[in-house]
Amino acid sequence: MDYFCGMKQRIRKYSTARPNHPRTHKVTFMLNDDEHRTVERYLAKYKIANKSRWYRETILVHIIRTLEEDYPTLFNENEMRR
């Protein structure tokens, strides 16, 4: 019989990169001083330790959201509002 020994189990919030989908494409961009300070203040405020993951997820969420909004529909917006 297994007993709970009082140790907190670690639950992963994010999945790790899958071996069959390795990240092989490097992307680099530059920030000015004000942008960098803003990002650093945000990361510190919300206690984000993994900057790479945060940048990747933030950019991809924005892209996916934009693509979903721009998805072609059968009717235009005015026809759908009637």
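This report describes the helices, the aromatic cluster and a nonpolar surface patch of a predicted model.

**Overall composition**

The protein chain contains three helices and zero strands, and its elements follow the order α-α-α from the N terminus on. Of its 82 residues, 4% are buried. The accessible surface of the chain amounts to about 9,100 Å², and carbon and sulfur atoms account for 55% of that surface.

**Helix α2**

Helix α2 covers residues 51–69 and thus has its 19 residues spread over 27 Å from the first C-alpha to the last. This span is close to the 27 Å expected at 1.5 Å a residue. At the start of α2, N50 places a side-chain oxygen within 3.3 Å of the backbone nitrogen of S52.

**Aromatic pairs and cluster**

A pair of aromatic rings is described by the distance of the centres and the angle of the planes. The structure holds four aromatic pairs, and two of them, both involving Y42, are set out below.

| Pair | Centre to centre | Angle between planes | Geometry |
|---|---|---|---|
| Y42 and Y46 | 4.7 Å | 45° | tilted |
| Y42 and W54 | 5.4 Å | 40° | tilted |

The pair of Y42 and W54 links distant parts of the chain: Y42 belongs to helix α1 (residues 33–45), whereas W54 belongs to helix α2, and 12 residues separate them.

How exposed or buried are the residues of these pairs? Y42 has a relative accessible area of 38% and is therefore partly exposed. Y46 is likewise partly exposed, because its relative accessible area is 46%. W54 has a relative accessible area of 18%; as this value is under 20%, W54 counts as buried.

Which residues make up the aromatic cluster? One cluster is formed by F29, Y42, Y46, W54 and Y55.

**Nonpolar surface patch**

F29 also takes part in a nonpolar patch on the surface. The other members of this patch are V27, L31, I59, L60, I63, I64 and L67. Together, the residues of the patch have about 740 Å² of accessible area.

V27 lies in the segment before α1. With a relative accessible area of 69%, V27 lies over the 50% limit and so is exposed.

**Summary**

In this predicted model, the aromatic cluster includes Y42 and W54, which pair between α1 and α2. F29 is a member of the aromatic cluster and of the nonpolar patch.

How values were computed
Residues numbered from 1 in each chain as written. Predicted model: local features only at pLDDT ≥ 70, side-chain atom pairs only at ≥ 80, totals over all residues. Heavy atoms only, no water. Phe/Tyr/Trp six-rings, centres within 6.5 Å; stacked < 30°, edge-to-face > 60°. Buried < 20%, exposed > 50% of the residue type's maximum accessible area, 1.4 Å probe, protein only. Helix = DSSP H or I, 4+ residues; strand = E, 2+ residues; numbered from the N terminus. Expected span 1.5 Å × (residues − 1). Polar contact = N/O pair within 3.5 Å; in protein donor to acceptor, adjacent residues only side chain to side chain. Patch = residues over 30% accessible without salt bridge, like charges linked within 9 Å, V, L, I, M, F, W, Y side chains within 5 Å. Areas by Shrake-Rupley, 256 points an atom, 1.4 Å probe, with all protein chains shown as cover. Salt bridge = Lys/Arg side-chain N within 4 Å of Asp/Glu carboxyl O.
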